[in-house]
Amino acid sequence: MRAATLEESDALHREVRAFAAGQSRVTFDELALQIARFQAEHIAGFRQLVARFGSRLDSVESIPGVPTDAFKLTRVAVHPPELDVVRFRTSGTSAEAQGVHALRSTLTYSALSERLGRRALMSEESAVVVALTPNPSDPVESSLVFMMREFMRSFDPDFVADGGVTEPPLERWLFGKEGANLTGLKRACSYAKEIQRPLLLLSTSLALWQLLEQLDGVHFPLPASSVVMHTGGPKRRSSVLDLGDLRARLALRFELDPCQIVAEYGMTELSSQLYEGTARGVSLKGQSGVFLPPAWLRVTPVDPLHLRPVVPGTVGLARFVDLGNVDSAVAVITQDLVRARDGGIELLGRQPGAVARGCSLAIEALLEGAE
Amino acid sequence: MTPQERVRALVAAAREVTDKDSQVGKRVRAHWLETTGLSPEGIELALENSLEVSPSKAEIEQLIASVPTSKRAWVLLSANVFVGAHRALALALAGSERVLVRVSRRDPVFVAALFEACPGLFEITSELAPAHGDVFWAYGKKDTLRTVQASLPAGVQFLGHGPGAGAALVELSDATPKEMQTQAQGLVLDTVLFEQRGCLSPRGVVVTGSMDEVNRFAECVVAELTSIGKRVPRGELSLDEQADLVRFCDTLTYVGKVFDTEPGIVALSQSTSLSALTPVGRAIHIQHVEEPILPLARIGHVLTSVGFFGSETLRSQLLRALPKVRVTALGKMQRPPFDGPVDLRQR
């Protein structure tokens, strides 16, 4: 990779971080197009996609979205593998190839996720941050776990990363072979109460369901103003009811206002996230069930046949334009079904693919690994 | 009647029912046009290539030997590929004197026509009431099979057949132009039959050889797909099927190279993962690999059939890696011998 290309990439990264900080004179559209042209110049696959669409890359709408499947079948990156500093992998069955999102630098990823995470989750300057996930080993391969660790570093002054000792000793990664570590969670709660900070509990929805089972109806009050962030609803069925149900149960058991249970939407193939803006005292404001994108991420529901924006209020596939994806794919087409609402999107599950009409296997069935 | 007589009676009925000049033949064709998503030419192609109306004596003996015997057998049919009911009935009749069939709501006409053509050979029922000692053949989705199996009384032998997919393995090293063309023809025929909606339909193709050989093979496949498209128009695709094709096309444009044909898509890549099964509707993904067995073995749990061209050594490796998969010549994937269930995964 030529030095000039690296410099161009670095400059774009700097510009995106400045944009996110509100310190850039460049507009979203201009920056998205600069990144798209940069990627078209350096990624043959994207260049082919641009040619197929007959795109002149002269508007954000004209940037062809890279289907998420491409991340499973090939490398989606401007830079060569030897420059990767992290490779985020999608979860998958043994039959399914894992998608890989390779980053040359995590600076932009960290800056963007911290900036929006603070707006969505933090009503005070700091919190005691714990996660319902196993202690990650390096290199971290899950973008979610990477983000959790970034939140611990940024939001929790007592957190010491990379094997250091926190003072007082506090377990942060509260999930193991036996499920949720309730003792560790209790200790974190006591500490948060003692130093009068809210607790920020980060988790997947699945781990929270497991925690609820372990609690078996017993109340587990969290300190006042605590926030529970959860992500990753069941992707292969509608998650709308599940989200509401999970929120109600968690609020009851943790003795929290339901608005303090905040859903996050993120995916390995993106560098940016979306959140519900329901928590009290935070600057991100929105309704329950509506995922709000930051200024550096645009979501458009598109029809699955022509990939054009659908009529407002109707359901379409989520097309993301993510300025954080400087070195991979600035526009990504997912199979998630969404509807635009109140400045954000509602998540309506996943495009199931065609229903098998003969005895053929539906594409999704392979991914479930059990047909 | 002996098992041989029962199977032969069914085969004769199938011949009669699918005679295109008969009244019943016209009736079933009109129905299939509505339900299968195939063009009239696609229906004829499937009848010609995939409905077994002239099995050999040896095949029938093998078919009989492949099934358990019982006095009574039940058959729960699903909306399978439209000729699928024939083999399903043959299997039950091969093992049992009394056969009761519950037809699919979406495709009741073929079985009803067979019933009319040979009254008394089997019964059509809306109630399934198996008892100890019966054999129960079930076809359908995995969830359906699980539910049905759980509901059966003790002592009923359950034989479930779920959905599946086929794949192809082509070893091109030193293949002659003629061989390449023949293999491309076979692959395209297997693909076009049922528009890839069958559990034997190829949904991925792994190919070994030089880059030049693979490119030439892809060009042969494009030519064959274009050619057959003129004789056998593609049937209608649902909106979801069309959307799957769009996604496939965009993905493979990024990942490799896409050749548009009318109708259909041929893509060429060096991806080694078969996890992205091609969608239905004449989509062929040729994956140029160095080691072809591993990608197939990874999805072995869903594979019913592999269309094969290559050396005996490679064939042996394939059979060792996938012992429950039918390995056939390309062009014959959709016409496995009439020697038992098409899907051997239950054995």
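**Group meeting: a look at chains A and B**

Okay, let's start with a helix in chain A: α8, residues 205-215, lies across β4, β7 (199-204) and β8 of that chain, and runs at about 105° to β7(A). Before I go on, keep in mind that this is a predicted model.

So what is the sheet under that helix? In chain A, 5 strands make an open sheet, and the order is β4-β7-β8-β9-β10, with mixed pairing. The edge positions go to β4 (128-132) and β10 (274-275) of chain A; each has a single partner strand, so one side of each has no neighbour in the sheet. Further in, β8 (residues 227-231) and β9 (residues 261-265) of chain A run parallel and are joined by 4 bridges. If you want one pair to click on, take Met229(A), whose bridge partner in β9(A) is Val262(A).

While we're around here, look at the loop between α8 and β8 of chain A, because... well, just look at Ser225(A), which lies in it. Ser225(A) isn't a glycine, yet its phi is positive, about 70°. As a reminder, most residues other than glycine have a negative phi, and most peptide bonds are trans. Is Ser225(A) buried or exposed? Buried: it has 21 other C-beta atoms within 10 Å, and the cut-off for that label is 20 or more.

The other backbone oddity in chain A comes after β4. The peptide bond from Asp138(A) to Pro139(A) is cis, and omega is near -5°. Pro139(A) has its place in the loop between β4 and α6 (143-155) of chain A.

Right, over to chain B. Overall numbers first: 12 helices and 12 strands. Chain B has 347 residues; a compact globule of that length would have a radius of gyration near 20 Å, and chain B comes out at 20 Å, so the two agree. Along the principal axes, the C-alpha atoms of chain B fill a box of roughly 60 × 45 × 35 Å. Of the 347 residues in chain B, 54% are buried. And if you take the contacts in chain B with a separation of 6 or more, 71% of them are between residues 24 or more positions apart.

Now the chain B sheet. This one is open too, with 5 strands in the order β3-β2-β1-β4-β5, and here the pairing is parallel. Which strands stand at the edges? In chain B they are β3 (123-124) and β5 (157-161), each with a single partner strand, so one side of each is left free of a neighbour in the sheet. The partner of β5(B) is worth a look: β4 of chain B, residues 135-139, pairs with β5(B) in the parallel sense over 5 bridges. Within that pairing, Tyr139(B) has His161(B) in β5(B) as its bridge partner.

Two helices to point out on this sheet. Helix α5 of chain B (residues 84-95) packs on it, touching β1 (70-76), β2 (96-102) and β4 of chain B, and its direction makes about 150° with that of β2(B). Helix α7 of chain B, residues 142-151, packs on the sheet as well; α7 touches β1, β4 and β5 of chain B, and its direction is at about 175° to that of β5(B).

Somewhere else in chain B, there's α3, residues 40-50. Its buried residues are Gly42(B), Ile43(B), Leu45(B), Ala46(B), Leu47(B) and Ser50(B). What covers them? The cover includes α2 (23-35) and α8 (177-192) of chain B.

Chain B has its own backbone oddities. Glu262(B) and Pro263(B) are joined by a cis peptide bond, omega about -5°, and Pro263(B) lies in the loop between β8 (257-260) and β9 (265-269) of chain B. Then there's Arg282(B), in the loop between β9 and β10 (283-288) of chain B. Phi of Arg282(B) is near 70°, positive in a residue other than glycine, and with 25 C-beta neighbours inside 10 Å, Arg282(B) counts as buried.

Last stop, where the two chains meet. Helix α3 of chain A (residues 44-53) and helix α10 of chain B (residues 239-255) have axes that come within 6 Å and cross at roughly 135°. That makes α3(A) and α10(B) oblique to each other. Who touches whom? From α3(A) you get Gly45(A), Phe46(A), Gln48(A), Leu49(A) and Arg52(A), meeting Asp250(B), Thr253(B), Tyr254(B) and Val255(B) in α10(B). By class, that contact of α3(A) with α10(B) has 4 nonpolar, 3 polar and 2 charged residues.

Technical notes:
Residues numbered from 1 in each chain as written. Chains lettered and ligands numbered in written order. Predicted model: local features only at pLDDT ≥ 70, side-chain atom pairs only at ≥ 80, totals over all residues. Axes fitted to C-alpha atoms, helices over the stretch in contact; angles between N-to-C directions. Parallel < 35°, antiparallel > 145°, perpendicular 65-115°, else oblique. Contact = placed C-beta atoms within 7 Å. Nonpolar A, V, L, I, M, F, W, Y, C, P; charged D, E, K, R; others polar. Pairing = 2+ DSSP bridges. Rg over C-alpha atoms; globule rule 2.2 N^0.38 Å. Buried ≥ 20, exposed ≤ 12 C-beta atoms within 10 Å, placed from the backbone.
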